[in-house]
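Morning, everyone. I have one structure to walk through today. Please bring it up on your screens.

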Amino acid sequence: TGGAVAGAVTLGGLPLIGFGLMVRPDALAESLGLAGAALVVLRGLGWRALGIVLLALGILTKQTAGVYVLAAAAALLASPDRRVWGVLTLILPLALAGSVVALVTGMGNPRFLPSLLAESASPFQLKHWWATLLRMLKYGPDQLLIPCLGVLAWWRSTPRRPALAAFSVVVLGVNLVASGKMGSDQNYFLSFRVLEALAVGSLIAACSTSISTSTWLANSRRGLACLAAAVLIVPSAALLFAQVGFSYYHRLFQETPQGRSNLGLYRDFYRLASDRSRSLLTDSGLIALRQGDRAPFVDPWLFRMLTVQRRIDPIDLRARIERQEYEYLVLTSELFSQVYESYEFGLPPMLFEPARRNYRLRHAQAGLFIYVPNRARLDSGELTP
């Protein structure tokens with residue numbers, strides 16, 4: 001529930017369609033970080049102590065939530081009478097998180113810290129950053145541009161609101177830079193929705209001020225800012241409505257004979273994956289989840305990236321493919337097409353090359369391509385896992 005607030009309080013924002021499972025830790029970390037920052041910046045001593053704890057928990061949930069430590073510290077440093085707390089906010093959450101890491105490591109978990117920091121080894125790629133930014137500006141420009149309008153308004157308002165402006169600039173800047181890391185996507189802009197909600201609230205409050213208390217020019221500027229905000233929301237709203245339409249017609253398709261057949265195929269492989277006596281290798285996370293602790297990976301994108309970067313060496317999987325030990329390879333793209341070689345959610349080259357030599361297509365349906373060993377007998381009739 002708390003995670004939903006961070007994404008739902010705004011009037012716009014790019015819908016994170018297709019990010020459901022991935023955004024769950026993001027949403028929790030964002031909620032903890034935002035709540036901690038609010039308590040540290042806005043409340044008294046006792047609440048600030050709780051805010052420090054929440055900031056530390058946010059970092060432990062997902063390390064990108066550290067942006068709220070920086071943003072809260074910037075907001076406090078922007079206020080001359082609270083600069084001591086700004087320094088403490090930089091130090092205390094990190095010290096508390098570090099103490100938890102030390103405790104867990106001392107209890108016999110030496111890989112705890114390296115696991116927390118593993119994503120920091122992912123390289124920054126300018127091409128990836130540019131593509132991610134353009135996708136956000138195409139489908140949800142309000143996420144970035146409305147907060148920018150807010151920063152301008154807070155900085156130029158009378159009286160100025162430097163703490164809020166500093167908080168927003170840090171969140172925007174850090175996440176924009178972090179989105180260039182390989183593995184980042186639209187989930188890195190989730191925190192922009194909070195800033196967008198704050199900016200929309202400020203714009204509405206400014207426009208609701210009596211005309212008699214402001215000049216004609218000031219009211220015109222506020223009106224134009226509200227109009228711009230309304231226009232900026234249109235692309236993300238259009239994408240959301242399109243997704244609603246797609247979901248509706250997809251649901252209708254599931255009621256057709258072909259749709260029921262597709263669902264049946266997935267159920268068959270869910271059962272097969274759950275059977276510990278059967279062996280299969282898949283790049284479908286939905287199917288791999290049913291394998292439990294026998295799944296060599298569940299996130300195909302991350303597995304491929306780590307393998308290509310030589311951070312892991314799946315030599316055992318390669319040997320099993322060479323020996324044709326897997327009863328099925330269940331893939332989400334056609335193994336023998338050139339597209340698969342650059343398919344980011346497929347098997348890495350170290351595995352798909354031997355797979356091409358040792359397996360052949362048995363069946364293709366519902367976005368699944370099922371391969372069997374070359375030595376397996378191909379019967380006529382339906383596939384029956």
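First, a term: two residues are in contact when they have heavy atoms within 4.5 Å of each other. Keep in mind that this is a predicted model. Now take the contacts in the chain between residues at least 6 apart in sequence: 65% of these join residues at least 24 apart.

Next, the overall make-up. The chain has 385 residues, and 41% of them are buried. It contains 18 helices and 4 strands. The chain exposes about 20,200 Å². Carbon and sulfur atoms supply 66% of that area.

Let's go inside. The largest nonpolar core has 43 residues. Which of them touch the most other members? They are Tyr-68, Leu-144, Ile-146, Phe-167 and Phe-192. Helix H9, residues 162–178, gives this core its largest share, with 9 residues. A second core lies apart from this one. That other core has 16 residues, among them Phe-303, Leu-351, Phe-352 and Tyr-371.

Stay with Ile-146 for a moment. Leave out residues up to four places away in sequence, and what does Ile-146 touch? The list is Pro-141, Glu-196, Ala-199, Val-200, Ala-229, Leu-232 and Ile-233.

Now over to Phe-303, in the 16-residue core. Phe-303 is one of the buried residues of helix H15. That helix runs over residues 300–308 and is mostly covered, with 7 of its 9 residues buried. Besides Phe-303, the buried set holds Pro-300, Trp-301, Arg-304, Met-305, Leu-306 and Thr-307. So note a charged residue in there: Arg-304 counts as charged and is buried. What covers the buried residues of H15? The cover includes helix H16 (315–322), helix H17 (338–341) and helix H18 (349–358).

Last topic: empty space. Rolling a probe the size of a water molecule over the atoms shows where such space is left. How many cavities of 30 Å³ or more does the count give? The count comes to 1. Its volume is about 90 Å³.

Who lines it? From helix H2 and beyond, the lining residues are Asp-26, Ala-29, Glu-30, Lys-62, Thr-64, Ala-65, Val-67, Asn-175, Asn-187 and Tyr-188. Helix H2, residues 20–42, gives the most to this lining, with 3 residues. By class, the lining has 4 nonpolar, 3 polar and 3 charged residues.

That's the tour. Over to you.

Terms used
Residues numbered from 1 in each chain as written. Predicted model: local features only at pLDDT ≥ 70, side-chain atom pairs only at ≥ 80, totals over all residues. Heavy atoms only, no water. 1 Å grid on protein atoms, 1.4 Å probe; cavity = no way out; pocket = protein on both sides within 12 Å on 5 of 7 lines; lining within 4 Å. Points joined across faces, edges and corners; volume = space filled by probe spheres on them. Helix = DSSP H or I, 4+ residues; strand = E, 2+ residues; numbered from the N terminus. Buried < 20%, exposed > 50% of the residue type's maximum accessible area, 1.4 Å probe, protein only. Areas by Shrake-Rupley, 256 points an atom, 1.4 Å probe, with all protein chains shown as cover. Core = buried A, V, L, I, M, F, W, Y, C linked by side-chain atoms within 4.5 Å.
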